[in-house]
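Colleague: May I ask you to explain the terms used for this model?

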Amino acid sequence: MKKKVINPQEYTFCFRLGIRDCHKLRTGKCSLHYSLEEYTFIKNREKIEGIDSKECGVDYCRKLANDIDYWQFDDSNTGIFGTILSCGHISLDDGQHRTCVAKQLGIKNLTFSNLSQSDDFVCGVCHRKNLEKNMSVDKEDVFKHKNRQKKLSPFLFLDDEYLYNR
């Protein structure tokens, strides 16, 4: 295992999440960006809907943010596993929510339990972009593919392209 500490602000991550895994993907707004009034309203609604204890619930990432001191010690096993790929992006095998929360909170040191490097592969997003660029397909087909991809759960995306724009 190659334990490594990185500054997540300096990297772009390739996430594989869906509407059942991420509050922003489910609702359009990250749970860390709600005011207290918005949070309370959504929390009450999610209790009724039975979503409050799920990864896509309003509390999931907020609890991770509150517990960051517990899981972010440099000498701890954070359970975050990833690979730095040839495109420069980090593909995450485990710890997507913790990585996203750390980046959103501006954390400068994030410990990966294992961070390997691969010069042989690009992330799924770059792979898809390369395929689209090199294929001679009708633009309407590409548009349909992108719309279909947005509706699928989970789907691949780069955090800097989707998560942090408010």
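Modeller: Strands (E, at least two residues) and helices (H or I, at least four) are DSSP runs, numbered from the N terminus; two strands pair if DSSP finds at least two bridges between them. This is a predicted model, in which local features need pLDDT of at least 70, side-chain atom pairs count only at pLDDT 80 or more, and totals for chains, interfaces and linings use all residues. Residues are numbered from 1 along each chain as its sequence is written, and side-chain values use heavy atoms, without hydrogens and water.

Colleague: What makes strands S3 and S4 a pair?

Modeller: S3 (residues 81–84) and S4 (residues 90–94) share four bridges, in the antiparallel sense, so the requirement of at least two is met. Thr 83 has Ser 91 of S4 as its bridge partner. The two strands form a hairpin with five residues between them, and Gly 88 in the turn has a positive phi of about 95 degrees.

Colleague: How do you know that S3 also pairs with S6?

Modeller: S3 and S6 (residues 114–117) are joined over four bridges in the parallel sense, with Gly 82 opposite Leu 115.

Colleague: Why are the buried residues of H6 said to lie on the same side?

Modeller: In H6 (residues 124–134), Val 125, Cys 126 and Glu 132 are buried, meaning under 20% relative accessible area (1.4 Å probe, protein chains only). The arc, taken from the directions from the helix axis to the C-beta atoms, is only 125 degrees for these residues, which therefore lie on the same side of H6.

Technical notes. Buried < 20%, exposed > 50% of the residue type's maximum accessible area, 1.4 Å probe, protein only.
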